[in-house]
Amino acid sequence: MESLLAPRPADDILGYQPQAQLERHNALRRRDGEYNLTKRLPKINRKDEAWIRELVKPPSLENLKPQLATDQWQVPDPSRHLTCISSHQSLPLIAVGSGGHEKNLFIYEMTVSPGGSQFYHRQTVSLPHIYSLSWAPLGRFNSNTVIASGHRNGVVHLVSLPDSANPFPARVLKRFNHADPLRAPVGPISRISHLEFTSAVWTCVPDSSLVTLYGESLFLWDVTRNDRPMMSQRVATISGFHASPFRDGILALNGAFGIAILDVRSSRGLLRPKIANHSESTAVKWSPYNSNWVASAHEDSKIRLWDIRAAQPFAELCGHSDIINAQIPTN
């Protein structure tokens, strides 16, 4: 693909710069009673257009008791305006974005040895005002390291990053403009707050299509073209989404409405659970190992676990004392 814009390389990637050994701290363990399970689910009226089809027995959470520890390292952002982070699905790469004007996309590579883990600074790129990041799946592009970056001005860049043996700078492969003057503006907020590539199970769209959130509108893009989105749909008060890794064309949404399910192939609107969905949701994630489970964080400081075939959550995690802003399920 031709480069539309070549961002300035902020440094040379030849010769990794190893970070100091990561500090490791013991995390607080879960206290007894923090998992509040719903013991029994009510029957659903099958005439209801509700979220789902049939009930299942709530799964046990006895295995969700990990021994936790945390790693930390210093990102050299003088403005201290870090906005997003994304880990590669297959490679030991981590990208950190900043809302700064330059030298604001930091790429790290992790190595694991018997002596412990280390992060190596691989590259820094200047792409102003980044607010969201997502790595492209392997095999979709000629380069194995392609990342999508969402910016303050309603633009998404598809960026090819060189490998460790390549002295060339990063380059922009595609540019997706959500603030196209030919289209009506979608809202006062101009930043791309969230974006994701679709998984291989999404056969209703081209491979590795891109889903983006701009203001209160969802966009679906074919990455082989950048002139018009395949879909644009406004969802009032939406604040985030997660594309299902198992179900074709299905998005889980969160916002002031709580959580909802959207099928991008249908125009019938959203499906929402009717019980315990009154609190604003700040984040939503599909389970990485069960196609029917969704976890949602809420303003009442609870995480609710849902089976989308039921009308209410099968569990609530009540150990937080403040609003939860993000959540990442472990494999």
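A salt bridge is a side-chain nitrogen of Lys or Arg within 4 Å of a carboxyl oxygen of Asp or Glu. In the predicted model described here, Arg225 and Asp227 meet this criterion, the closest N and O atoms of the pair being 3.1 Å apart. Neither residue of this pair is hidden from the surroundings to the extent that the term buried requires, since that term is kept for values under 20% relative accessible area: Arg225 is partly exposed, with a relative accessible area of 42%, and Asp227 is likewise partly exposed, at 43%.

A search of the whole structure finds nine salt bridges. Another of them joins Arg122 to Glu109, with the closest N and O atoms 3.5 Å apart. Arg122 belongs to strand E8, which covers residues 116-125, and Glu109 belongs to strand E7, which covers residues 105-113, so this pair ties together parts that are 13 residues apart in sequence. Arg122 is buried, its relative accessible area being 9%.

A further salt bridge is formed by the side chains of Glu316 and Lys302, at 3.5 Å from N to O. Here distant parts of the chain are linked, for Glu316 lies in strand E23 (residues 315-317), while Lys302 lies in the loop between strand E21 (293-298) and strand E22 (303-307), 14 residues apart. The two partners differ in their exposure: Glu316 is buried, with a relative accessible area of 13%, whereas Lys302 counts as partly exposed at 26% relative accessibility. Through salt bridges that share partners, Asp300, Lys302, Arg304 and Glu316 are joined into one network.

The chain as a whole contains 23 strands and zero helices. Of its 331 residues, 46% count as buried, and the chain exposes about 17,700 Å², of which carbon and sulfur atoms supply 50%. When contacts with a separation of 6 or more are considered, 52% of them are accounted for by residues 24 or more positions apart.

Among the strands, E17, E18 and E19 make up an open sheet of three strands in the order E17-E18-E19, with antiparallel pairing. Because E17 and E19 stand at the edges, each with a single partner strand, one side of each is left without a neighbour in the sheet. From one strand to the next, the twist averages 25°. The antiparallel strands E18 and E19 are joined by six bridges, and Ile250 stands opposite Asp263 in E19.

These strands also contribute to the largest nonpolar core, which has 17 residues and in which Leu218, Ile238, Phe241, Leu251 and Leu253 touch the most other members. Two or more residues of this core are given by each of strand E14 (210-214), strand E15 (217-221), strand E17 (238-243), strand E18 (250-255) and strand E19 (258-263), and E17 gives the most, with three residues. Apart from this core lies another, of 16 residues, among them Phe141, Val156, Leu195 and Tyr214.

The surroundings of Leu251 may be followed in detail. When its neighbours within four places in sequence are left aside, Leu251 is in contact with residues including Trp202, Val211, Leu218 and Phe241, as well as with His242 and Ala243. Its contacts further include Ala260, Ile261, Leu262, Val264 and Trp286.

How values were computed: Residues are numbered from 1 along each chain as its sequence is written. This is a predicted model: local features need pLDDT of at least 70, side-chain atom pairs count only at pLDDT 80 or more; totals for chains, interfaces and linings use all residues. Side-chain values use heavy atoms; hydrogens and water are left out. A nonpolar core is a set of buried Ala, Val, Leu, Ile, Met, Phe, Trp, Tyr and Cys residues joined through side-chain atoms within 4.5 Å. Buried means under 20% relative accessible area, exposed over 50%, partly exposed in between (1.4 Å probe, protein chains only). Helices (H or I, at least four residues) and strands (E, at least two) are DSSP runs, numbered from the N terminus. Contact means heavy atoms within 4.5 Å. Accessible areas come from the Shrake-Rupley method with a 1.4 Å probe; for residues, only the protein chains shown count as cover. Two strands pair if DSSP finds at least two bridges between them. Axes are lines fitted to C-alpha atoms, for helices over the stretch in contact, and angles run from 0 to 180 degrees between N-to-C directions.
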